[in-house]
Amino acid sequence: MFHINCRLAPFNGLYNIALPVRGNYSGQYSVFMDLLSSPCLAGNVLLLARKRFCSWKSHERFDLDGIFARDGVLYKSLGRGRRCFSKNTEASSSYANGTGENPYVPLNTKLSDARVIYAVAPAMGHNQESHPESHFRVPAIVQALDKLELTPKFRGSKVIELKDFKPATVDDITSVHTRSYVFGLEKAMDQASQDGLIFIEGSGPTYATIDTFQESLIAAGAGIALIDSVVAESKNSKDPPTGFALIRPPGHHAIPKGPMGFCVFGNIAIAARYAQRVHGLKRVFIIDFDVHHGNGTNDAFYEDPDIFFLSTHQDGSYPGTGKFDEVGHGDGEGTTLNLPLPGGSGDTAMRTVFDEVIVPCAQKFKPDIILVSAGYDAHVLDPLASLQFTTGTYYMLASNIQQLAKNICSGRCVFFLEGGYNLDSLSYSVADSFRAFLRESSLSSTFDNPAMLYEEPSAKVKQAIQRVKHIHSL
Ligand SMILES: [Zn+2]
C-alpha cells in the first residue's frame with residue numbers, strides 16, 4: 001500500500017466534531033448536522049471576512065510537479081483570474097457550425113480503443129485553508145492514478161485524458177440555475193481581492209474565492225465535454241469509453257437558486273440538460289451514491305418525467321432531505337427514488353441495492369444515458385459520515401454501472417466526482433474505479449483493512465430496501 005503524502009487538516013474545529021462515532025453516531029454527529037443544516041438563503045453572497053487564501057502556488061506542498069505541469073498550462077491558457085465567460089452567452093453547442101464536428105472531441109481513431117476518458121479540473125484557486133472540500137482532492141486522485149499506472153502515459157490509447165475543453169457558458173449553467181444566482185455570483189467575485197475569501201451566507205459551509213466563478217464554469221465544462229466525447233464514440237461503437245469528470249467544486253447540493261453544501265453549480269444536472277438539448281438524449285438516468293442526499297439534483301428534476309434521479313445516502317445525514325416518500329411531483333411523480341440507508345451500511349448493503357433497486361429501476365426507465373454522482377464519502381474511512389463502503393464497494397459500483405450502461409443505453413455513461421474527504425480512501429477508490437472501467441481486477445485487498453469494519457445493520461438495510469421496492473413497484 002502507498003500513501004499520498006498529504007492529509008486532511010482539521011476544519012476550523014468542525015472536522016473534529018464530525019468524526020463519526022462508530023455504532024453510535026447520533027451524539028457528536030448531530031452537532032455537525034446542526035451546524036450544516038442552516039436554511040439556504042439562495043444566492044445571497046456576502047463578503048463577510050477577509051482571510052489569506054492559498055494561491056495556485058500552494059499546491060507545491062504536494063510535490064506534484066510534472067503531474068500538473070500540463071494542467072498549469074491549461075489554466076494559463078484559460079486566463080485564470082479573468083472572468084469573461086458571462087459575456088459569452090452562446091451555449092456550448094456553438095461548435096455546431098454546420099459541419100457538426102466538435103473540435104473538442106478527440107478523433108474517433110483515438111477513442112475507439114479507449115475504456116476510460118477523463119477530464120481534470122482541480123480548481124486550485126477555489127480553496128479555504130483546512131476546509132475538507134479542498135484543492136488537495138483532485139491532485140491526490142491524479143497522483144494515485146499516476147502511481148498505479150492508470151494514466152495515458154502507462155496505458156496508451158486505453159486511457160484518454162481530455163485536456164482541451166471549454167468552460168461551460170452561462171447558458172449552460174442557466175439551464176439549471178437562475179440567472180440572478182449566476183450573475184450574482186459573478187458580481188460577488190469582484191468584491192474579493194486577491195487575498196479575499198467570500199463566505200456564502202446561508203449555504204452551509206460553502207465558500208468562494210476570487211476564482212470560484214470561473215473555476216466552477218471550468219468544472220461544468222469538463223463534464224459537458226465528456227458527454228460530447230462519450231456520445232460521439234457511442235455512434236461508432238457499442239462499447240464506448242466510460243467518462244469520469246475529476247472536477248470540483250462538487251455540484252449535487254447546489255440548488256437552482258444558489259450554492260449549498262460545498263457545491264457551486266450542479267455539474268451533473270447541467271450535463272443532463274446538455275445531453276438532452278444538444279445530443280437529443282431524451283431520457284437521463286442519474287445515480288447518486290454520495291453519502292449525502294443530492295438535494296440539488298433532486299430539486300432540479302423533481303417534476304421532470306424524463307430525468308430519473310436515484311439517490312442512496314446515509315439516513316439523517318446532511319442536508320436532511322431524501323426521504324423515502326420524496327418520489328417526484330406532477331409529471332415527474334415516480335422518477336425520483338430516494339433510499340436512505342441506516343448508518344453502518346456497507347458493501348453487502350450496496351451490492352443488494354444495486355441488484356434489487358438500481359438495476360430494475362434503470363431497466364424499467366430505459367434511459368439514453370446514465371450519469372453518476374460519484375461521491376466517495378460513504379467510504380468507511382471518510383471523516384464526514386458513517387457508512388462502511390470500501391474500495392471494493394466502489395470497484396463493484398464502477399464495474400456494474402459500466403456494464404448496466406452497456407446493456408441498456410449503448411454504453412453511454414459519465415461519472416462526476418462529488419464528495420470524498422479522506423484523501424487516501426478517495427484516491428484509491430477512484431483509481432480502483434478506473435481499474436473496473438479497464439476490466440482489470442480490483443486492488444481492494446491491498447487498500448482495504450477488514451479490521452476497520454463492523455457488522456452491518458442487515459435487518460434495517462433489508463427493511464429499507466423492501467420499503468423502497470414497495471413504493472416504486474420494483
Ligand atoms: Zn457528500
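This report walks through a few helices, some cis peptide bonds and some unusual backbone angles. Keep in mind that you're looking at a predicted model.

**Helix H13 and its partner H12**

Let's start with helix H13, which runs over residues 391–408. How far apart should the ends of its 18 residues be, at 1.5 Å a residue? The expected span is 26 Å, and the end C-alpha atoms of H13 are indeed 26 Å apart, so the two values agree.

Plenty of H13 is tucked away: its buried residues include Thr391, Tyr394, Tyr395, Ala398, Ile401, Gln402 and Ala405. Right after the helix comes Ser410, with a positive phi near 55°.

Now look at helix H12, residues 347–365, which packs against H13. Their axes are 11 Å apart and the angle between them is about 15°. Angles under 35 degrees count as roughly parallel, so H12 and H13 are roughly parallel to each other. The crossing of H12 past H13 is right-handed. On the H12 side, the contact is made by Asp347, Met350, Arg351, Phe354, Val359, Ala362 and Gln363. H13 answers with Gly392, Thr393, Met396, Leu397, Asn400, Leu404 and Ile408. Sort the residues of this contact and you get eight nonpolar, four polar and two charged. Three of the H13 residues in the contact, Thr393, Met396 and Leu397, are also among the buried ones.

**H12 has another neighbour**

H12 also meets helix H16, residues 458–471. Here the axes come within 11 Å and cross at roughly 20°, so H12 and H16 are roughly parallel too. This crossing is right-handed. H12 brings Thr348, Ala349, Thr352, Val353, Glu356 and Val357 to the contact, while H16 brings Ser458, Val461, Ile465, Val468 and Lys469. The contact of H12 with H16 splits into six nonpolar, three polar and two charged residues.

**A mostly covered helix: H5**

How many of the 11 residues of helix H5 (residues 137–147) are buried? Nine of them are, so you can call this helix mostly covered. The buried set runs through Arg137, Val138, Pro139, Ala140, Ile141, Val142, Gln143, Ala144 and Leu145. What do they pack against? Their partners are strand S2 (116–121), strand S6 (242–247) and helix H14 (423–437). Just past H5, Glu149 has a positive phi of about 60°.

**Cis bonds before proline**

Next, find two peptide bonds that are cis. One goes from Arg248 to Pro249, with omega near 0°, and Pro249 sits in the loop between S6 and helix H10 (267–279). Another goes from Tyr318 to Pro319, also with omega near 0°. Pro319 belongs to the loop between strand S8 (307–314) and strand S9 (336–341).

**Positive phi angles**

You've already met Ser410 and Glu149; here they are again with two further residues.

| Residue | Phi |
|---|---|
| Glu149 | about 60° |
| Lys366 | near 55° |
| Ser410 | near 55° |
| Ser473 | near 50° |

Lys366 lies in the loop between H12 and strand S10 (369–374). Is Lys366 buried or exposed? It has 11 C-beta neighbours inside 10 Å, so Lys366 counts as exposed. Ser473 is in the segment after H16. With 8 C-beta neighbours inside 10 Å, Ser473 counts as exposed as well. Both values fit the cut-off, because a residue is exposed if 12 or fewer other C-beta atoms lie within 10 Å of its own.

Note on methods:
Residues numbered from 1 in each chain as written. Predicted model: local features only at pLDDT ≥ 70, side-chain atom pairs only at ≥ 80, totals over all residues. Helix = DSSP H or I, 4+ residues; strand = E, 2+ residues; numbered from the N terminus. Expected span 1.5 Å × (residues − 1). Buried ≥ 20, exposed ≤ 12 C-beta atoms within 10 Å, placed from the backbone. Axes fitted to C-alpha atoms, helices over the stretch in contact; angles between N-to-C directions. Parallel < 35°, antiparallel > 145°, perpendicular 65-115°, else oblique. Left-handed = near helix turned anticlockwise from the far one by under 90°. Contact = placed C-beta atoms within 7 Å. Nonpolar A, V, L, I, M, F, W, Y, C, P; charged D, E, K, R; others polar.
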